[in-house]
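Student: I should be grateful for a close look at a single part of this model, set in the context of the whole chain.

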Amino acid sequence: MRVGQNGKLFSSTLVVALLLVTAGTLTAQDVRYNFMPRTDFSKYHTYKWVNIGGAHPDQIMDTEIKQSVDSQLASKGMTKTDSDKADLYIGYQTAVDQEIQWDAWGTRAFGSGMGSWTSSPIYVGTLVLDMYDPGTKQLVWTGRATKTIDPSSNHEKNMKNLDKAMAKLLKNYPPKQK
């Protein structure tokens, strides 16, 4: 695209460059967590999976999500149990939304340039992981990972994204308190 002004040609390279940067940031995973202040996380050694309602994927994805979380929690010394005497109850919910991804390219030569962009739908999957203290029946930790689940993606890519997101999400678990 060219825009003429005062006899000079200006290119839209800046616009194309901004679209490229934006397209790159749209695909990055975002993780956030929060926890109940003054909670003694050192007392939690075992956990049990519970159904907390909300949206859940199919049985295969359910198993993959739990395995990914189990792996991260095991690396932190926690043990999964089926006993109701578990120190923590853990559950999750998922949501998959569709967004538009903009792909752009551009070139510049001899004072002029050209560029193009296309749009395509992408699926943005969010996983919310919650941890409850069964004794107090209170939520003590919650985390959210976006761009984690993609139902249209291939299996290996999905597992890689899921494992990466759970590692990022649980990186600072248990949280350091001041």
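Student: Among contacts in the protein chain between residues at least 6 apart in sequence, what percentage join residues at least 24 apart? With that as background, please examine helix H3 (residues 155-169) closely.

Tutor: This is a predicted model, in which local features need pLDDT of at least 70 and side-chain atom pairs count only at pLDDT 80 or more, while totals for chains, interfaces and linings use all residues. Residues are numbered from 1 along each chain as its sequence is written, and side-chain values use heavy atoms, with hydrogens and water left out.

Of the contacts (heavy atoms within 4.5 Å) between residues at least 6 apart in sequence, 73% join residues at least 24 apart. The protein chain has three helices and eight strands, where helices (H or I, at least four residues) and strands (E, at least two) are DSSP runs numbered from the N terminus. Their order along the sequence is β-β-α-β-β-α-β-β-β-β-α. Of the 178 residues, 33% are buried, that is, under 20% relative accessible area, as opposed to exposed at over 50% (1.4 Å probe, protein chains only).

As for H3, its 15 residues should span 21 Å at 1.5 Å a residue, and its end C-alpha atoms are indeed 21 Å apart; the expected span is 1.5 Å times one less than the number of residues. Asn 158, Met 159, Leu 162, Ala 165, Met 166 and Leu 169 are the buried residues listed for H3. Viewed down the helix axis, the buried residues fall within an arc of 135°, so they line one face of H3; the arc is taken from the directions from the axis to the C-beta atoms. Glu 156 and Lys 160, on the other side of H3, are exposed.

The setting of H3 is the largest nonpolar core, a set of 26 residues in which Leu 73, Leu 129, Met 131 and Tyr 173 have the most contacts. Such a core consists of buried Ala, Val, Leu, Ile, Met, Phe, Trp, Tyr and Cys residues joined through side-chain atoms within 4.5 Å. Two or more of its residues come from each of strand S4 (46-49), H2, strand S6 (88-109), strand S7 (112-133), strand S8 (138-146) and H3. H3 gives the largest share, five residues. Met 131 touches residues including Leu 73, Ile 90, Trp 141, Leu 170 and Tyr 173. In soluble globular proteins, nonpolar side chains tend to be buried together.

Notes. Lists of a residue's contacts leave out its neighbours within four places in sequence.
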